[in-house]
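Student: I have a structure open and no idea where to begin. Can we walk through it together?
Tutor: Sure, ask away.

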Amino acid sequence: MNTSQHEHIAQVVHVATYGTNAAAPRHEQLIRDSWFRCVHEHQLDPTRMQEAIILPHTRLREHQDQMEAFLHIARHGLESLYAKVAGLGYVVLLTDAKGVTVDFLGDLVFEPSLRKAGLYLGADWSEQHAGTCGVGTCINTGQALTVHLDDHFDATHIPLTCTSAPVYDSRGQLSAVLDISQLSSAQPKASQHLALQLVQMYAHDIENAAFLYRHRRDWILRLSSAPQFLDVQPEYLLALDTQGRVVGHNRRAQLGLQTDPMQPLLGTRFERLFELPFADLGRYVQTRPSDQRAVLHAGGRQLLFLSATPPPKQPASQSLRETAVPPALAALSAGDPSLDRQIERVARLVNSPISLLITGETGSGKEYFAKAVHASSERRQRPFVAVNCAAIPETLIESELFGHLPGSFSGASPKGKRGLIPEADGGTLFLDEIGDMPLALQARLLRVLSEREVLPVGATRAVPVNVRVIAATHAPLETWVRAGRFRDDLYYRLNGAHITLPPLRERSDLSAMIDRLLQGRTLAPEARQRLLQHRWPGNLRELRNVLDYASSMGRHDPIGLEDLPELLGSEVIKPVVSLGTAQPLPAGDDAALLHALRQAQWNVSAVARELKLSRMTLYRRMKRSGIVAPHRQADGSVGDGASL
């Protein structure tokens with residue numbers, strides 16, 4: 001289809017829709033311009049039908065990592081928006097400035113259709129790849145709009161209706177796009193008017209929240225044309241440095257207060273914007289009624305009402321790190337830089353509703369870390385409920401987590417059971433060894449996290465819950481996601497922030513940790529040297545056990561070399577599978593697992609001990625790998641076993 005054919009089609013559509021003398025509305029003109037841009041700049045074919053472009057996990061993670069702090073801030077807005085539109089069949093997407101979907105909320109019942117249509121994590125909605133669409137056209141125009149049904153360029157997207165709004169950063173640059181979309185709509189385009197207003201409202205809220213976080217150490221000015229809404233929902237936000245220069249603004253302030261397009265709002269002095277000296281700004285803090293805080297925009301063109309918040313005062317005696325990191329978290333490190341960075345990151349998230357995923361080797365302190373997060377949060381007076389997903393029999397996981405009604409299944413308690421998730425209501429739910437949760441239960445857990453409610457076994461009415469979820473695993477979940485062993489949507493939901501704990505052998509604070517755990521006892525130099533040379537395959541758990549043993553054996557200080565366990569510091573006993581140390585098997589290493597079982601004559605308990613796994617975890621790993629134990633022969637020997 002050439003350019004002249006496109007022009008002819010566009011004219012026919014325009015006349016049929018608006019008449020011969022009518023001008024198309026602004027949004028319709030933007031969509032029409034997008035059509036021709038797709039033809040001329042991107043050389044796309046509007047008759048094509050192709051599968052949505054879904055980025056692989058590693059590339060998606062790169063896009064998410066570049067805006068990690070923003071995603072934490074935006075998540076609450078996405079969940080609030082989804083709660084309002086989910087019943088109407090919408091999904092919620094958040095893309096970066098390049099059009100890649102970095103966060104997503106939708107009904108998993110329609111997962112295959114959503115993924116095929118591109119309404120999913122990792123989908124590329126840039127105009128270059130998807131043609132005219134809500135996100136791509138929003139990025140190119142900077143305008144909120146609805147692309148409805150056959151407004152879409154690509155024939156694959158014609159059933160969709162997509163409503164998008166831009167989110168700008170405090171320097172006026174597009175940082176993200178918020179979108180709600182439906183797989184199909186039987187209603188005309190005008191039915192999306194309220195959807196457009198709703199998306200714009202939440203995009204504005206997310207933009208303002210990101211602004212306030214970014215400029216929390218600057219002067220914050222809130223301005224509104226109506227004093228009644230000044231402290232509730234200001235129209236304009238400005239950030240000033242201590243010299244009175246604008247260092248940040250929201251989008252509405254840029255459009256409403258920047259009088260000269262050639263003179264950016266950034267860097268402008270306060271006195272040039274308002275008929276008020278910067279030195280008098282202190283009179284506009286929230287000590288007077290809002291209607292008594294009027295100020296004239298420069299030139300007397302507009303009367304606004306102003307609320308000013310000064311920068312917080314930093315105590316002279318305390319560093320930023322000391323004021324930011326709660327004691328429970330600070331106690332986890334004795335000065336290791338890698339661990340300190342993780343602690344500083346999570347210290348900013350202790351009261352955030354987003355989920356945390358803690359990974360690290362067995363014994364590296366994942367549960368201690370989770371407990372420290374809970375103890376540092378405002379939820380600390382509520383329960384901390386730890387669930388070992390590998391230790392609960394698969395047949396009981398559902399009732400253990402969600403609870404059950406009396407007599408709801410064979411063997412159920414006649415009094416019923418509340419369930420571990422409802423027990424954690426108001427507090428923190430710690431899901432240890434999350435990688436060992438069966439796939440069917442993963443879908444149920446995802447619904448709990450999405451809907452914030454639990455349906456006990458045998459019940460017909462869901463129970464609302466409010467929990468902070470922290471998950472932990474030593475397994476490489478990203479690898480398991482790619483192999484189909486773990487749901488990618490649950491992984492992304494749990495991975496609101498990813499905390500990786502370093503193994504003890506790589507920590508620079510090992511000597512200081514030894515002293516801390518000894519609680520005042522002293523070590524002979526040769527004993528300390530032996531401890532520092534050990535590789536600590538069991539990490540902190542092994543270190544605690546060794547020091548407890550040494551403290552018991554050494555009746556007097558200093559604790560000597562002879563008080564340490566005999567095998568400490570010698571060559572680590574080779575496990576039944578040649579992995580060098582007793583580390584967890586790599587995901588997908590079915591051959592190594594089968595070899596380990598054969599070497600141990602199918603003694604599952606022995607293999608589980610060597611690999612530092614629970615027997616339940618090992619059985620599940622065998623089941624996923626299709627490994628079947630042979631029947632024991634009459635003489636007590638076993639056969640060879642097989643991997644199906």
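Tutor: Let's begin with a term. A salt bridge is a side-chain nitrogen of Lys or Arg within 4 Å of a carboxyl oxygen of Asp or Glu. Keep in mind that this is a predicted model.

Student: Okay. How far apart are N and O in the salt bridge of Glu367 and Lys371?
Tutor: The distance is 3.6 Å, N to O. That counts as a salt bridge because the cut-off is 4 Å.

Student: Where do Glu367 and Lys371 sit in the chain?
Tutor: Both are in helix α14, four residues apart. That spacing means about one helical turn separates them.

Student: Is Glu367 buried or exposed? And Lys371?
Tutor: Glu367 is partly exposed, at 30% relative accessible area. Lys371 is partly exposed too, at 40%.

Student: Which residues do shared salt bridges join into a network?
Tutor: Arg75, Glu79, Asp103 and Arg493. Salt bridges with shared partners connect these four into one network.

Student: How many salt bridges are in the whole structure?
Tutor: A search finds 16.

Student: Give me another one. What does Arg345 pair with?
Tutor: Glu68. Their closest N and O atoms are 2.4 Å apart.

Student: Which parts of the chain does that pair link?
Tutor: Distant ones. Arg345 belongs to helix α13, residues 337–347. Glu68 belongs to helix α4, residues 68–85. The two residues are 277 apart along the chain. Glu68 itself is partly exposed, with 23% relative accessible area.

Student: What about Arg505 and Glu361?
Tutor: Their side chains form a salt bridge, 2.6 Å from N to O. This pair also links distant parts of the chain, 144 residues apart. Arg505 is in the loop between β17 (497–500) and α20 (510–518). Glu361 is in the loop between β11 (356–359) and α14 (366–376).

Student: Is Arg505 buried or partly exposed? And how about Glu361?
Tutor: Arg505 counts as partly exposed, at 30% relative accessibility. Glu361 is buried, at 18%. Why buried? Because the cut-off for that word is under 20%.

Student: New topic. Which residues make up the positive surface patch?
Tutor: Five arginines: Arg171, Arg214, Arg216, Arg217 and Arg348.

Student: Where is Arg171? Is Arg171 exposed or buried?
Tutor: Arg171 lies in the loop between β4 (161–168) and β5 (174–182). At 51% relative accessibility, Arg171 counts as exposed. The label applies because exposed means over 50%.

Student: You mentioned β4. Where is Ser164?
Tutor: Ser164 is in strand β4. Ser164 is buried, with 0% relative accessible area.

Student: How far is the C-alpha of Ser164 from that of Ile180?
Tutor: 6.6 Å. Along the chain, these two are 16 residues apart.

Student: On to cysteines. How many disulfides are there?
Tutor: Zero.

Student: Why no bond for Cys133?
Tutor: The closest cysteine sulfur, in Cys162, is 7.2 Å from the sulfur of Cys133, so it is too far for a bond. A disulfide needs the two sulfur atoms within 2.5 Å.

Student: Are those two cysteines buried or exposed?
Tutor: Cys133 is buried, at 0% relative accessible area. Cys162 also counts as buried, at 3%.

Student: Last topic: backbone oddities. What is usual for phi and for peptide bonds?
Tutor: Most residues other than glycine have a negative phi, and most peptide bonds are trans.

Student: Which peptide bond is cis?
Tutor: The one from Asp557 to Pro558 is cis, with omega near -5 degrees. Pro558 lies in the loop between α22 (539–553) and α23 (590–599).

Student: And what is phi for Gln519?
Tutor: Phi is near 50 degrees, a positive value, and Gln519 is not a glycine. Gln519 is in the loop between α20 and α21 (525–533). At 73% relative accessibility, Gln519 counts as exposed.

Student: What about phi for Trp536? Is Trp536 buried or exposed?
Tutor: Trp536 has a positive phi of about 50 degrees, though not a glycine. Its place is the loop between α21 and α22. Trp536 is buried, with 0% relative accessible area.

Student: Great, thanks!

Definitions and conventions. Residues numbered from 1 in each chain as written. Predicted model: local features only at pLDDT ≥ 70, side-chain atom pairs only at ≥ 80, totals over all residues. Heavy atoms only, no water. Patch = residues over 30% accessible without salt bridge, like charges linked within 9 Å, V, L, I, M, F, W, Y side chains within 5 Å. Areas by Shrake-Rupley, 256 points an atom, 1.4 Å probe, with all protein chains shown as cover. Lys, Arg positive; Asp, Glu negative; His and termini not counted. Charge placed at Lys NZ, Arg CZ, Asp CG, Glu CD. Buried < 20%, exposed > 50% of the residue type's maximum accessible area, 1.4 Å probe, protein only.
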